[in-house]
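Biologist: Could you take me through this structure feature by feature, giving the general idea of each one before the particular case?
Modeller: Gladly; have the sequence and the structure open beside you as we go.

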Amino acid sequence: MAKDIIELHTGQFSSVLLTINSSSLITIKKALISKVKKSPLFFQNVPVILQFNEFLPKLDLLKLQQLLAEFGINLIGVSNWQNSLEKELVLSYHLPALGKSTSLDEIMPQFRYIKPKVIPLTVESGQAVYAKNSDLIIHGDVAPGAEVAADGNIHVYGKLLGRAMAGVNSDNNDCMIYTQHLNAQFISVCKRFVYKEQLPIDYLLQAVRIEAQGNTLAYFDL
């Protein structure tokens with residue numbers, strides 16, 4: 001099966017792991033146009049970490065960075081390089097070499113659970129809330145254009161209309177999202193994610209529990 005030209009995976013909070021499977025800037029631009037058309041809000045000033053692969057040495061990373069910026073994508077560094085030559089290539093473009101994707105703990109603190117973070121009101125459009133190393137509990141809504149994330153579970157006792165990411169530092173299927181009303185722009189649980197148009201219609205506007213199962217998300221009635 002052919003790979004997508006642009007692959008996106010959720011990584012650490014407020015960053016996305018980006019894999020580019022082409023050495024043609026024209027092809028990459030066409031793929032970006034398609035991605036942005038499907039989910040325009042997701043690409044508003046989103047920081048990304050580029051995954052090093054066989055296509056990157058054939059690209060002008062400065063021009064790639066400029067192209068990504070045209071779409072509101074902020075390239076903050078490159079990970080997954082495998083040797084000193086690949087690291088030097090990254091550094092030659094004045095980009096941070098963030099280490100291999102299997103050891104991103106080099107740039108992020110170790111996981112440590114603490115008490116839940118509680119937000120007693122609605123999270124409004126343009127606001128971002130992060131519960132570091134804990135669960136996040138929201139008594140109100142998550143408005144369209146708002147972003148909430150947690151290292152643990154997310155509980156939304158109102159309407160989930162914006163973006164929600166649970167288990168942002170977890171590779172295990174040990175975190176969930178709970179909401180009384182599902183109509184989110186973007187959902188991610190333990191780095192498995194879907195956009196609004198991919199949400200199952202049977203669970204839209206319903207009270208739902210969402211968890212990661214294998215490489216996908218599973219939905220259950222509350």
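**Reading the strands and sheets**

Modeller: Let me begin with one pair of strands, S13 (residues 186-189) and S14, which pair in the antiparallel sense over 4 bridges; two strands count as paired if DSSP finds at least two bridges between them. Within this pair, Phe186 has Tyr195 in S14 as its bridge partner.

Biologist: Before we go further, what kind of model is this, and how are the residues numbered?
Modeller: This is a predicted model, in which local features need pLDDT of at least 70 and side-chain atom pairs count only at pLDDT 80 or more, whereas totals for chains, interfaces and linings use all residues. Residues are numbered from 1 along each chain as its sequence is written, and side-chain values use heavy atoms, with hydrogens and water left out.

Biologist: How many helices and strands does the protein chain have?
Modeller: Helices (H or I, at least four residues) and strands (E, at least two) are DSSP runs, numbered from the N terminus. By that reading the protein chain has 3 helices and 16 strands.

Biologist: In which sheet do S13 and S14 lie, and what is its strand order?
Modeller: Strands of a sheet pair through backbone hydrogen bonds, either parallel or antiparallel. Here 5 strands form an open sheet with mixed pairing, in the order S7-S9-S11-S13-S14; its edge strands, each pairing on one side only, are S7 (128-131) and S14 (192-195). From one strand to the next the twist averages 5°, where axes are lines fitted to C-alpha atoms, for helices over the stretch in contact, and angles run from 0 to 180 degrees between N-to-C directions.

Biologist: Do S7 and S9 run parallel or antiparallel?
Modeller: S7 and S9 pair in the parallel sense over 4 bridges, and Ala131 has Ala150 as its bridge partner in S9. S9 is also joined by 4 bridges to strand S11 (residues 163-166), again running parallel, with Met165 in S11 as the bridge partner of Ala149.

Biologist: Which residues of S9 are buried on each of its faces?
Modeller: In a regular strand the side chains alternate between the two faces of the sheet. In S9 (residues 147-150) both faces are covered, with Glu147 and Ala149 buried on one side and Val148 and Ala150 buried on the other; buried means under 20% relative accessible area, exposed over 50%, and partly exposed in between (1.4 Å probe, protein chains only).

Biologist: What is the order of the 6 strands in the other open sheet?
Modeller: The order is S6-S8-S10-S12-S15-S16, with mixed pairing, and the edge strands are S6 (117-119) and S16 (216-221). In this sheet the twist averages 25° from one strand to the next. S12 (residues 176-182) and S15 (residues 208-213) run antiparallel and are joined by 4 bridges; across this pair, Tyr178 stands opposite Arg209 and Ile177 opposite Ile210.

Biologist: How many bridges join S15 to S16?
Modeller: These strands run antiparallel, joined by 6 bridges, and Gln213 stands opposite Thr216 in S16. Their hairpin has 2 residues between the strands, and Gly214 takes a positive phi near 65° there.

Biologist: Is Glu211 in S15 buried or exposed?
Modeller: Glu211, found in strand S15, is buried, with a relative accessible area of 14%. Its side chain makes a polar contact (a pair of N or O atoms within 3.5 Å; within protein, one must be able to donate a hydrogen and the other to accept it, and residues adjacent in sequence count only if both atoms are side-chain atoms) with the side chain of Arg209 at 2.5 Å. A second polar contact, of 3.0 Å, joins the side chains of Glu211 and Gln213. Counting contacts as heavy atoms within 4.5 Å, and leaving aside residues up to four places away in sequence, Glu211 touches residues including Cys175, Val189 and Phe220.

Biologist: Which residues of helix H2 are buried?
Modeller: In H2 (residues 61-70), Leu61, Leu64, Leu67 and Leu68 are buried. Seen down the axis of H2, the buried residues fall within an arc of 115° and so line one face of the helix, the arc being that of the directions from the helix axis to the C-beta atoms. Asp60 caps the N-terminal end of H2, with a side-chain oxygen 3.0 Å from the backbone nitrogen of Leu62, and H2 is followed by Gly72, whose phi is positive, near 80°.
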